[in-house]
Amino acid sequence: MGKPTGFLEYTRKDDTCRPAYQRVKDWDEFHIALPDAVRAQQGARCMNCGVPFCQAGITYEGKTFGCPLHNLIPEWNDMIMSGNRSHALARLLKTNNFPEFTGRVCPAPCEDSCICGIYGNSITIRDNELCIIEDGFVSKHMNPKRPPQYSGKKVAVVGSGPAGLAVADQLNHRGHSVTVIEKEARAGGLLTYGIPNMKLPKDVIQRRIELMTDEGVSFVTGLNAAEPKTAQRLMREYDAVVLCCGAGKPRPLGLDTTGVPGICYGTEFLRAAVRRLLGEEDSPLTAAGLDVVIIGTGDTASDCVATSIRQGCKSVTQLVRRPKSDYANADGNLPTDYAHEEALAFFQSDPRRFGVQVKELLTDDHGLLTGVVTTGGDTLPCQLLIGATGFAGCEDDVCKAFGVEQNKTVITEKGHYRTNVENVFAAGDMRRGQSLVVWAIAEGRAAAAEVDQFLIGYTNLA
Ligand SMILES: Cc1cc2nc3c(=O)[nH]c(=O)nc-3n(C[C@H](O)[C@H](O)[C@H](O)COP(=O)(O)OP(=O)(O)OC[C@H]3O[C@@H](n4cnc5c(N)ncnc54)[C@H](O)[C@@H]3O)c2cc1C
Ligand code: SF4
């Protein structure tokens with residue numbers, strides 16, 4: 001497992017990032033992979049700790065420790081060190097259907113649990129993972145693999161985010177005929193229409209969809225399964241239906257915004273930005289030339305900051321409700337992510353203001369938004385106000401169409417994926433609530449095992 005003295009010999013080196021002031025001028029990916037020799041050293045840092053908490057994936061008091069997919073991290077670190085990348089790939093794909101997604105956007109709870117990180121810096125697990133899968137694609141090891149035989153069972157997966165894709169991938173390789181139904185023009189869910197291009201380039205998602213298509217998965221896009229007739233047809237014609245429609249219902253802003261233009265939710269803003277870049281739509285929703293105020297924190301808020309800068313906003317401010325002390329590290333420093341780095345480079349100031357909210361909206365004689373007054377008493381110029389205050393659950397229309405019980409999200413027995421409807425299952429954010437890509441994949445894999453058991457009476461899926 002790595003080199004026993006590697007962590008003493010080599011320091012942690014993350015993938016390099018293009019300089020912030022430079023990368024805000026385009027939408028290209030900003031990480032640059034390390035040279036192979038340095039990557040091998042990073043694998044060698046894995047210290048043979050004996051109890052690899054990094055792959056434990058246990059949740060304790062609401063916090064997850066280790067990889068929810070139980071990725072076999074020490075094994076592939078060792079293979080990276082010895083240069084056996086193809087074996088590393090085989091071990092990685094045992095537990096993770098889409099390392100090219102998690103290798104780019106996972107917040108890496110594995111690294112927080114790395115023993116090497118207790119007294120020093122943890123292993124670069126996520127970057128190592130990305131290196132293995134990208135090497136797999138470049139070296140043509142990621143060839144389409146069709147199942148040797150088919151079971152004769154048909155499964156419809158509704159929603160093509162990471163959860164739906166994981167269900168489809170697992171059940172297809174098991175020999176069931178899988179059709180993925182997606183209401184958008186392209187597959188990928190929030191990977192495509194939420195997470196911005198510079199974090200997750202869209203050709204990376206397309207590459208995976210093409211591979212899955214070559215492996216036998218059918219994709220039907222532009223079809224809304226919440227139409228009652230479509231839902232009834234799917235339940236009638238397929239042996240099982242798995243709902244993976246996400247949890248995109250935004251949490252209300254708590255402001256009276258009636259009749260005031262220039263106010264939207266973060267997901268609407270990001271979706272419009274991606275659609276414009278993909279040439280699907282030229283939405284008027286853009287930050288270009290505007291003073292932007294973003295309410296909220298987390299991935300969505302950060303992605304809105306970075307997208308606003310790339311679109312050419314005049315200024316960007318992020319209002320965070322909780323005080324700064326709630327976010328500071330033990331050493332009192334405030335963690336910055338890629339978007340905050342970019343704002344610092346472009347505007348020479350951190351966009352975040354802590355412990356404040358929007359108290360009042362200011363409009364001109366035509367009713368157009370001109371500014372906001374904060375609870376701190378400041379007045380900020382603002383022509384675009386973006387709410388990124390979290391999510392309230394899944395959309396009601398799909399649940400109604402399929403007759404599935406929901407609270408905020410779809411109700412299933414704890415730890416299970418079957419709904420109150422005989423052949424209908426649910427997974428991902430739609431069942432779990434707004435979460436992470438790694439959890440969506442984990443849910444998709446577990447749901448696939450349950451569907452397999454339902455279809456043929458037993459399963460050998462993990
Ligand atoms: C802006 C943003 C940034 C994020 N950044 C990160 C990050 O950096 N790292 C991370 O780990 N997580 C991130 N997340 C969270 C992550 O994207 C989600 O947890 C994950 O995508 C959930 O996967 P899912 O498959 O359950 O649902 P989704 O990805 O939401 O996919 C659901 C799919 O179902 C489709 N659908 C819905 N209704 C219907 C219908 N009636 N008929 C047909 N299709 C339908 C939708 O169009 C969509 O394609 C981010 C989320 C957001 C919003
Ligand atoms: S999927 Fe996320 S948690 Fe798991 S090994 Fe990769 S980076 Fe770590």
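Before anything else, let me say what I mean by contact: two residues are in contact if their C-beta atoms, placed from the backbone, lie within 7 Å. With that in hand, please look at the structure above, which is a predicted model, and start with two helices, H15 and H16. Ser302, Asp303, Val305, Ala306 and Ile309 of H15 meet Tyr338, Ala339, Glu342, Ala343 and Phe346 of H16. Sorted by class, that contact has seven nonpolar residues, one polar residue and two charged residues. The axes of H15 and H16, the latter running over residues 338–347, come within 8 Å and cross at roughly 35°, and the crossing is left-handed.

Now stay with H15, and turn to its other partner in my talk, H14. Helix H14 covers residues 266–277 and helix H15 covers residues 299–311, and the two pack at an angle of about 40° with their axes 10 Å apart. H14 and H15 are therefore oblique to each other, and their crossing, too, is left-handed. On the H14 side you can find Gly266, Thr267, Phe269, Leu270 and Ala273, which meet Thr300, Ala301, Asp303, Cys304, Thr307 and Gln311 of H15. The contact of H14 with H15 has five nonpolar, five polar and one charged residues. If you compare the lists, Asp303 of H15 appears in the contact with H14 and again in the contact with H16.

Let me step back to the whole chain. The protein is divided into domain 1 (6–138), domain 2 (154–248 + 392–456) and domain 3 (252–389), so please notice that domain 2 is written as two stretches of the sequence. The centres of domain 1 and domain 3, taken over C-alpha atoms, are separated by 31 Å. Their contact takes five residues from domain 1 and eight residues from domain 3, and on the domain 1 side these are five nonpolar residues, with no polar and no charged ones.

Where does ligand 1 lie with respect to domain 2 and domain 3? Both of these domains give residues to the shell around ligand 1, so the ligand lies between them. That shell has 39 residues, and the closest are Gly159, Gly161, Gly189, Gly246 and Gly428. The helices we began with return here, because H14 and H15 are among the elements that each supply at least two residues of the shell, as are helix H10 (162–173) and strand S6 (177–182). By class, the shell around ligand 1 divides into 20 nonpolar, 13 polar and six charged residues.

Ligand 2 is surrounded by 14 residues, of which the closest are Cys67, Thr102, Cys106, Cys110 and Arg126. Two elements give two or more residues to this shell, namely helix H7 (109–112) and helix H9 (125–138), and H9 has the largest share, with three residues. The shell divides into nine nonpolar, three polar and two charged residues.

I will finish with one more pair of helices. Helix H3 (residues 36–44) and helix H4 (residues 73–82) pack at an angle of about 140°, with their axes 7 Å apart, and H3 passes H4 in a left-handed crossing. Here Arg39, Ala40, Gly43 and Ala44 of H3 make the contact with Asn77, Asp78, Ile80 and Met81 of H4. Those residues divide into four nonpolar, two polar and two charged.

Key
Residues numbered from 1 in each chain as written. Chains lettered and ligands numbered in written order. Predicted model: local features only at pLDDT ≥ 70, side-chain atom pairs only at ≥ 80, totals over all residues. Nonpolar A, V, L, I, M, F, W, Y, C, P; charged D, E, K, R; others polar. Near = placed C-beta within 6 Å. Helix = DSSP H or I, 4+ residues; strand = E, 2+ residues; numbered from the N terminus. Axes fitted to C-alpha atoms, helices over the stretch in contact; angles between N-to-C directions. Parallel < 35°, antiparallel > 145°, perpendicular 65-115°, else oblique. Left-handed = near helix turned anticlockwise from the far one by under 90°.
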